[in-house]
Amino acid sequence: MRFDRRVAANAVRARVGRAIAGSDIRLPARLRSRLVRVTERVAVEADAREDSPVGRDPAFAAQQQRDRYGGSVGEINRWIDGLRDADGRGWMPHIAPIHAGTNAKALSVLSDPGPATKDCVGSGFLCIENDDQTAETQAHAFAEVGLAAADVLPWNAYPWYSGGTPLKAADKNAGADVLRRLIGMLPDLHVVLLQGGNAKDCWQRVEKADPGLVRRRGLTVLETYHPSRQALWHSDEAERMRRQQHRVDTYRQVSDALARLHTTTEGD
């Protein structure tokens, strides 16, 4: 991807696993798994700091930085500046200018920002060109169904960087409130794509706060699995394949809905 962060996560996982196995400490499986994940996240950020934060395409990265307050993303990114550290919640990534902004017809909601979005570590943006597996999966799948970055505004159920800290009910409510406010900034929004359990939970909270939103705005709401490898995990290979195909089929539904909207607009 064009924002490059060369991180050997599998090697980190293996090193931690060997260290645990070679020690006299016997940890419960869930705690051992949590230790591996936390250590891996720390290593991801440390390796990213050692690399150039502008990545493998410095010109692209520089352009995204220059344009972050321009075009259709400018109003949203200035709004994000005001949300940073709101109620002590900390930092929040901007929307990369290659994506849709206030002109968005499709809104994609994931869970929470990962290390690849973090300022001075990753790109500082929510961006389909970030150098992580989730972004890469989406980039390939979107291309397969004809969805461009400029078609979609990326967002998260919890938009602040949490560093993997488990979210409480108050955090989820705060994320839902911000999402509802964001939708109010998108007059042309037509499709909401919910990817993963946290996105679906967030949307339920949005609808609870505003039961008439979908009908009033004429929104099409689509749900699918999160674009991470973990979301596909199942002991049954057929189920894994079904989940992967469900994602692609749902992305295609988004693409088809936007194509129909474009045709209708041209007809008018």
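The following exercises, with worked solutions, concern a predicted model of a single chain.

**Exercise 1. Overall composition**

Task: State how many helices and strands the chain has, and what share of its residues count as buried.

Solution. Begin with the secondary structure: ten helices and six strands make up the count for the chain. Next, consider burial: of its 268 residues, 46% count as buried. The accessible surface amounts to about 13,600 Å², and carbon and sulfur atoms account for 50% of that area. Finally, turn to the contacts between residues at least 6 apart in sequence: 76% of these join residues at least 24 apart.

**Exercise 2. The nonpolar cores**

Task: Identify the elements that each supply at least two residues of the largest nonpolar core, and determine which of them gives the most.

Solution. The largest nonpolar core contains 34 residues, and those with the most contacts inside it are I76, W79, L107, W155, L179, L182 and W203. At least two residues of this core come from each of α4 (74-83), β2 (106-110), β4 (152-156), α6 (169-183), β5 (191-195) and α7 (197-209). With six residues, α6 gives the most to this core. Apart from this core lies another, of 17 residues, including F142, L222, V248 and V254. A general tendency is relevant here: in soluble globular proteins, nonpolar side chains tend to be buried together.

The surroundings of W79 illustrate the first of these cores. Leaving aside neighbours within four places in sequence, W79 is in contact with W155, V178, R181, L182 and M185.

**Exercise 3. The two sides of α7**

Task: Establish which residues of α7 are buried and where they lie around the axis.

Solution. First, the geometry: α7 has 13 residues and reaches 19 Å from its first C-alpha to its last, close to the 18 Å expected at 1.5 Å a residue. Second, the buried residues of α7 include A199, C202, W203 and V206. Because these residues cover an arc of only 100° around the axis, they lie on the same side of α7. An α-helix has 3.6 residues a turn, so residues three or four places apart point the same way. Third, the face turned away from the buried side of α7 carries the exposed residues G197, Q204 and K208. Last, the cover over the buried residues of α7 includes β2, α6, β5, α8 (213-217) and β6 (220-224).

**Exercise 4. The same analysis for α3**

Task: Determine which side of α3 carries the residues F60, A61 and Q64, and what covers them.

Solution. In helix α3 (residues 58-66), F60, A61 and Q64 are buried. Their arc around the axis is only 100°, which means that they are on the same side of α3. On the other side of α3, A59 and R66 are exposed. Strand β3 (125-126) is included in what covers the buried residues of α3.

**Exercise 5. Two individual residues**

Task: Decide whether T250 and P154 are buried or exposed, and describe their surroundings.

Solution. T250 lies in helix α10 (residues 237-267). Its relative accessible area is 2%, so T250 is buried. A polar atom of the T250 side chain lies 2.7 Å from the backbone oxygen of H246. Leaving aside neighbours within four places in sequence, T250 is in contact with L193, L222, E223 and T224.

P154 is placed in strand β4. Its relative accessibility is 14%, and P154 therefore counts as buried, the cut-off being under 20%. The C-alpha atoms of P154 and V109 are separated by 6.3 Å, although the two residues are 45 apart along the chain. Not counting residues up to four places away in sequence, P154 touches I95, H99, S108 and L126.

Terms used. Residues are numbered from 1 along each chain as its sequence is written. This is a predicted model: local features need pLDDT of at least 70, side-chain atom pairs count only at pLDDT 80 or more; totals for chains, interfaces and linings use all residues. Side-chain values use heavy atoms; hydrogens and water are left out. Helices (H or I, at least four residues) and strands (E, at least two) are DSSP runs, numbered from the N terminus. Buried means under 20% relative accessible area, exposed over 50%, partly exposed in between (1.4 Å probe, protein chains only). A polar contact is a pair of N or O atoms within 3.5 Å; within protein, one must be able to donate a hydrogen and the other to accept it, and residues adjacent in sequence count only if both atoms are side-chain atoms. Contact means heavy atoms within 4.5 Å. A nonpolar core is a set of buried Ala, Val, Leu, Ile, Met, Phe, Trp, Tyr and Cys residues joined through side-chain atoms within 4.5 Å. Accessible areas come from the Shrake-Rupley method with a 1.4 Å probe; for residues, only the protein chains shown count as cover. The expected span of a helix is 1.5 Å times one less than its number of residues. The arc is that of the directions from the helix axis to the C-beta atoms.
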